[in-house]
Amino acid sequence: MTRQQEIKARYEEIMGRITGAAARSGRAAGDITLLGATKRVAAEDVVYACSLGMPVAGENRVQEWQEKYGILGDRVVWDFIGQLQANKVKYILGKVRLIHSLDRLPLAEEIQRLASLHGLVADVLVQVNLAGEATKGGVAPGELPYFIEQLAGYPAIRICGLMAVPPVPSSEGEGRRNLAAIRALFDDCARRGVPGDGGMRVLSMGMSRDFEWAIEEGATLVRVGEALFGRRIDVKEAPKHGE
């Protein structure tokens, strides 16, 4: 089987699973956006997945995104899904559809500054750190309402929803409880309202291991990498020293 045949088979399987999970949650497959997480995926594979119908590609690192954008440009709809440093905002602003990882005011300040300078409005998701994991970014659940209130002072930022990467669960029950807790935070934010006209329309949660659970618990966007493109380790980024 060729590389493209493998991707096509995986894509069709994933879309079937999305359709099933959406139906189980009382929604249509069209209500769910599949984002292909393209970290360490070759540019030609990204284009091919888009040709199959994948609507959005998501990159974790600005440098890798720049390399692919230099090849593919706007032939692909891009989201930025990784931790974003304030000094890297200038490279992606206006070129990505959605920033998934706004989690601190200094980052908001830089997005606001540059977006205002260029006459743009940046669409963002606020990242939530459900369990306070030190290795992940995100706003603590208890601080989320206050953080969003503060963003009212940044008119060039449009809040469109939440993103979360919950802890790896030890069981399906634990995994679903984590996802349900994120959905509850999303619903609470929707009830409170958010600054601007973005509304709470995007709930980005669920990856290769749990995207069906995530859809059943209310996700509107799932970020799928390995299940679509296969396991991806290149020589330069292979784990070292037992990592």
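**Exercise 1. The residue after helix α5**

Determine which residue follows α5 and what the sign of its phi is.

Solution. In this predicted model, α5 is followed by Gly119. The phi of Gly119 is positive, near 70°.

**Exercise 2. The length of helix α5**

Establish what span the 13 residues of helix α5 should have at 1.5 Å a residue, and compare it with the distance between the end C-alpha atoms.

Solution. Helix α5 comprises residues 105-117. The expected span is 1.5 Å times one less than the number of residues. For the 13 residues of α5 this rule gives 18 Å. The end C-alpha atoms of the helix are 18 Å apart, so the two values agree.

**Exercise 3. The buried residues of α5**

Identify the buried residues of α5 and the elements against which they pack.

Solution. The buried residues are Leu107, Ala108, Glu110, Ile111, Gln112, Leu114 and Ala115. They pack against the helix α4 (89-92) and against the strands β4 (98-102), β5 (122-128) and β6 (157-164).

**Exercise 4. A salt bridge within α5**

Glu110 forms a salt bridge with Arg113. Describe its geometry, the separation of the partners along the helix, and the burial of Glu110 and of Arg113.

Solution. The closest N and O atoms of the pair are 2.9 Å apart, and the criterion requires a distance within 4 Å. Glu110 and Arg113 are three residues apart in helix α5, so about one helical turn separates them. Buried means under 20% relative accessible area. Glu110, at 18% relative accessibility, therefore counts as buried. Arg113 has a relative accessible area of 47% and is thus partly exposed.

**Exercise 5. A salt bridge between strands**

Characterise the salt bridge between Arg158 and Asp123.

Solution. The side chains meet at 2.5 Å, N to O. The pair links distant parts of the chain, since Arg158 lies in strand β6 and Asp123 in strand β5, 35 residues apart. Arg158 counts as partly exposed at 24% relative accessibility, whereas Asp123 is buried, with a relative accessible area of 17%.

**Exercise 6. A salt bridge and a network**

State the N to O distance between Asp103 and Arg104 and the exposure class of Asp103 and of Arg104. Then give the number of salt bridges and list the residues of the network formed through shared partners.

Solution. Asp103 and Arg104 meet in a salt bridge of 2.7 Å, N to O. Asp103 is buried at 12% relative accessibility, while Arg104 is partly exposed at 29%. The count comes to 19 salt bridges. Salt bridges that share partners join Glu13, Arg17, Arg24, Glu172, Arg176, Glu212, Glu216 and Glu217 into one network.

Methods:
Residues are numbered from 1 along each chain as its sequence is written. This is a predicted model: local features need pLDDT of at least 70, side-chain atom pairs count only at pLDDT 80 or more; totals for chains, interfaces and linings use all residues. Side-chain values use heavy atoms; hydrogens and water are left out. Helices (H or I, at least four residues) and strands (E, at least two) are DSSP runs, numbered from the N terminus. Buried means under 20% relative accessible area, exposed over 50%, partly exposed in between (1.4 Å probe, protein chains only). Contact means heavy atoms within 4.5 Å.
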